[in-house]
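Got your viewer open? Load the model and follow along, one selection at a time.

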Amino acid sequence: MTLKAIFPALATTALVAFSLPAFAQTTTEAPAADATAAATPAKGPNVKSSAVGTKGAVATLAMAQDLYTLGMANKDALTVLTAAKLAGSVEVKDVERKKETKGTEVAGDAEGKDMPVDAATMMASAKELAGEDEVLAGLVEDAMVEAGRGRVGGASSTLSRLPGGQTDTWEVPFYGDSYAELAVVGDGDSNLDVLVTDENGNTICYDVSWSDKVYCDFVPSWNGYFYVTVQNNGSSRNSYYLMTN
């Protein structure tokens, strides 16, 4: 089980936590002191701690979003172009998922952005940043021509527009002994904190950084449901994608 902070290693890879009161770590409760409960011990975390897998489409999309943020902050056309090419290399399927939203909406910007940036938006930003640099502009033009060719699948996405002060909880199934990936990719309008637990309440991934982009991968021990809790701690609405493989 790992929780990846992709952002620090992005430049090298692509170009060649404060505590959270609402998210206290949960553990499996002790069984009741009777003969039936004693005969049925509580299950441990549904994760194989020593198992690893090969990162796939979800990791690629998460990296693209982080690269885009880095490139725009530095006004670096080449970094933004790399992000656009990564995002455009993956075919994403929109799916519906079971979700429960709780909390009281806080006063603030209720609108916010409509959704996180996509490959086309990234490409347009790269073109704008390239400006009159003929070499960079040529690279962007070539990439636009190649966009969409040879895309790979393997990622599913669901959009949620979460007001500030509220919390989404998603129910997501994963197969046992199979590599599982998930990511939360926000639009940048506010901080999103993320907690992933198994069906017994055991923590699988936990992120309370000041980002709204989180990537998590693990290998479940058995078929089961996992619960992804996304909390918007800002005053602005955050339109985010929940992505899984």
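Here is a short walk from the whole chain down to single residue pairs.

Keep in mind that this is a predicted model. Start with the cartoon view of the whole chain: six helices and 11 strands make up its secondary structure. Switch on the surface and you are looking at about 12,700 Å², with carbon and sulfur atoms supplying 54% of it. Of the 245 residues, 43% are buried.

Next, select helix α4 (residues 77–88) and helix α6 (residues 134–146). Their axes sit 11 Å apart at an angle of about 5°, so the two helices run roughly parallel to each other. Show side chains for Ala77, Leu78, Leu81 and Lys85 on α4, then Leu136, Leu139, Val140 and Ala143 on α6, and you have the contact. Seven of these contact residues are nonpolar, none is polar and one is charged.

Now for the salt bridges, seven by count. Stay on α6 and pick Glu141: its side chain meets that of Lys127 at 3.7 Å, N to O. Lys127 belongs to helix α5 (residues 119–130), 14 residues away from Glu141 in the chain. Both ends are partly exposed, Lys127 at 43% relative accessible area and Glu141 at 37%.

Jump to Lys99 and Asp168, whose closest N and O atoms are 4.0 Å apart. Lys99 is in strand β3 (residues 98–103) and Asp168 in strand β5 (residues 166–174), so this bridge ties together parts 69 residues apart in sequence. Buried or partly exposed: which is Lys99? Lys99 is partly exposed, at 37%, whereas Asp168 is buried, at 0%.

Last stop: Lys213 and Asp212, a salt bridge at 3.1 Å. Here Lys213 counts as buried at 17%, and Asp212 counts as buried at 5%.

Terms used:
Residues numbered from 1 in each chain as written. Predicted model: local features only at pLDDT ≥ 70, side-chain atom pairs only at ≥ 80, totals over all residues. Heavy atoms only, no water. Helix = DSSP H or I, 4+ residues; strand = E, 2+ residues; numbered from the N terminus. Buried < 20%, exposed > 50% of the residue type's maximum accessible area, 1.4 Å probe, protein only. Areas by Shrake-Rupley, 256 points an atom, 1.4 Å probe, with all protein chains shown as cover. Axes fitted to C-alpha atoms, helices over the stretch in contact; angles between N-to-C directions. Parallel < 35°, antiparallel > 145°, perpendicular 65-115°, else oblique. Contact = heavy atoms within 4.5 Å. Nonpolar A, V, L, I, M, F, W, Y, C, P; charged D, E, K, R; others polar.
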